[in-house]
Amino acid sequence: MNSNPTLGFLLHDIARLLRKRFEHRARCLGLTRSQWQTLAYLSANEGIHQGGLAEILEVEPITLARILDKLAERGLIERRQHPTDRRIWLLYMRDEARPLLETMREIGDVTRGEALDGISMEQRDELFQILSLMKINLVQACRTPLAENETNHG
């Protein structure tokens, strides 16, 4: 058997190690990974409703509701009623979350810097382009139905 890791295993390990290193640095902030991930995505999508944010985060709405409850208790986010639909609550960052988000970005910059140490800017650009193309390819592939013989596994 080949001792070299497959692309999937290597990408998984790199992502896991990036998260682990970030979490180690961010431990002092008192947030779980799911909480800081929610804040990061909410900051880029303020005014979104819970279902939309759950879809972006790829979690169940009830799971996100618990995370949002904790963030609201800490005064980091707020829910505002939709102007025309009383059943929908829109999500917004509170000013208290912005310095925390900035600290998270700084920690992310340092962590990425560690991961990219010794890699030239040209190599970084090429890596980003290749990974972006891989993502586009896989998003398109996921939208394409599998052939019947592929879904039955023989």
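These are my notebook entries on a predicted model of one protein chain.

**Fold.** I began with the secondary structure. I found 7 helices and 2 strands in the protein chain. Reading along the sequence, I noted the order α-α-α-α-β-β-α-α-α.

**Overall dimensions.** I then looked up the radius of gyration, which is 19 Å for the protein chain, whereas a compact globule of 154 residues would have a value near 15 Å. Along the principal axes, I recorded a box of roughly 55 × 45 × 30 Å filled by the C-alpha atoms.

**Contacts and burial.** I considered contacts with a separation of 6 or more, and 53% of these in the protein chain join residues 24 or more positions apart. I noted that 22% of the 154 residues are buried. The protein chain exposes about 11,500 Å², of which 54% is supplied by carbon and sulfur atoms.

**Nonpolar patch.** On the surface I located a nonpolar patch formed by Leu7, Leu11, Leu127 and Leu131, with about 320 Å² of accessible area together. Helix H1 (7–26) and helix H6 (121–143) are the elements that give two or more residues to this patch. I looked at Leu11 separately; this residue is found in helix H1. Leu11 has a relative accessible area of 35%, so I entered this residue as partly exposed, between the limits of 20% and 50%.

**Cysteines.** I checked for cysteine sulfur atoms within 2.5 Å of each other, and the count came to 0 disulfides. Is Cys28 buried or exposed? I entered Cys28 as exposed because its relative accessibility is 69%, over the limit of 50%. Cys142 also counts as exposed, at 70% relative accessibility.

Notes. Residues numbered from 1 in each chain as written. Predicted model: local features only at pLDDT ≥ 70, side-chain atom pairs only at ≥ 80, totals over all residues. Heavy atoms only, no water. Buried < 20%, exposed > 50% of the residue type's maximum accessible area, 1.4 Å probe, protein only. Patch = residues over 30% accessible without salt bridge, like charges linked within 9 Å, V, L, I, M, F, W, Y side chains within 5 Å. Areas by Shrake-Rupley, 256 points an atom, 1.4 Å probe, with all protein chains shown as cover. Salt bridge = Lys/Arg side-chain N within 4 Å of Asp/Glu carboxyl O. Helix = DSSP H or I, 4+ residues; strand = E, 2+ residues; numbered from the N terminus. Rg over C-alpha atoms; globule rule 2.2 N^0.38 Å. Contact = heavy atoms within 4.5 Å.
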